[in-house]
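Thanks, everyone; I would like to take a few minutes to walk through one model with you. Please have a look at it first, and then we will go through it piece by piece.

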Amino acid sequence: MVRSKKETIPLHKRINNNETVFGVFINELITPNWGPILDSAGYDFCIFDMEHGRFSISDLGVMLPSFHGRRATPLLRVPVISREYFQAPLDMGMAGIVVPMVESAADVRAAVNYIRYSPRGRRGVAFGRPHTDFYSNVDREQVVANADDSILLIIQIETAKGVCNLDEILDVPGIDVLFIGNTDLAQSLQCKNDLRAGQLRNKMEYILAEAQSRKIICGGNFVQPESIADFGKLGLRFISLTTDVELLQTGMRQVHPQAESLPFIPFSTEVRGHTIRDVV
């Protein structure tokens, strides 16, 4: 089904409306056509990864224009909380920033400082850039207000210290989405990465409950549809399904003439005959 332009509702509004949105991490592949590719596949957002991925600021400049006017929304995971990784990507049109390894209220305050304009933060002002379609003669107050209302700040809780300091972290105003990094969290807790039961499951339920009590949307990265359905019942609404490389490998293996002999379980978007969107 071809999506109508009338269906293009900004991601931040869809999140505020408590819709469940689906995305993918982009770690490796560079193309100037990511926007229409993701639109045609039904994805709501992607997260370009500068923490584990290969991208430079210049690479982002090649890929971001294709998202203009699209349903799919581009977000960026920064490697560290540093002004250089916020300022230029936001001016280039990035719609949100994902901050990994958040462990303190100070981390959140620093991120808010870089992502919001004064008086809420200290984002530098530059018009005549891609985020204003290169127009300099704009209603500057309106541009600032729109940016502060729509740019998403997504923080990742993925360490034992982050869980320990969760109350003070969530008390800092300005968080739009709390994203649970279960793999790193399991590593930090030195426990099994088991989403069904045990220490990790208990911590994830605690994080979800604390976020919901403050009306903060929760997200995570899940491959198995069963886990998506399970955590969806607990309030998970911002879901990254996998990575660009894993999707490419899955597609390549599924058409391989000897696929049945390959030691690999294909990524599936179905649970007992229903698509992921049906089970959440």
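Which residue is the bridge partner of Gly219 in β8? The partner is Phe238, and I will come back to the strands around this pair after a word on the model itself. This is a predicted model, in which local features need pLDDT of at least 70 and side-chain atom pairs count only at pLDDT 80 or more, while totals for chains, interfaces and linings use all residues. Residues are numbered from 1 along each chain as its sequence is written, and side-chain values use heavy atoms, with hydrogens and water left out.

Strand β7 (residues 217-221) and strand β8 (residues 236-243) run parallel and are joined by four bridges; two strands count as paired if DSSP finds at least two bridges between them. Helices (H or I, at least four residues) and strands (E, at least two) are DSSP runs, numbered from the N terminus. Eight strands close into a barrel, with parallel pairing, in the order β1-β2-β3-β4-β5-β6-β7-β8.

On the sheet packs helix α11 (residues 225-233), which touches β1 (21-26) and β8 and whose direction makes about 165° with that of β8; contact here means heavy atoms within 4.5 Å. Angles run from 0 to 180 degrees between N-to-C directions, and axes are lines fitted to C-alpha atoms, for helices over the stretch in contact. Helix α5, in turn, lies across β4 (96-99) and β5 (152-157), running at about 160° to β5.

Helix α5 (residues 105-115) also packs with helix α4 (residues 83-91), at an angle of about 30° and with the axes 9 Å apart. The contact is made by Arg83, Phe86 and Leu90 of α4, together with Ala111, Tyr114 and Ile115 of α5.

Turning to the pockets, the largest holds about 990 Å³ of space. A pocket is an open set of points on a 1 Å grid over the protein atoms alone, where a 1.4 Å probe fits, with protein on both sides within 12 Å along at least five of seven lines, and lining residues have an atom within 4 Å of a point. Grid points are joined across faces, edges and corners, and the volume is the space filled by probe spheres set on the points. Of the 33 lining residues, the closest to the centre are His68, Gly93, Met94, Ala95 and His131, and α6 supplies the largest share of the lining, four residues.
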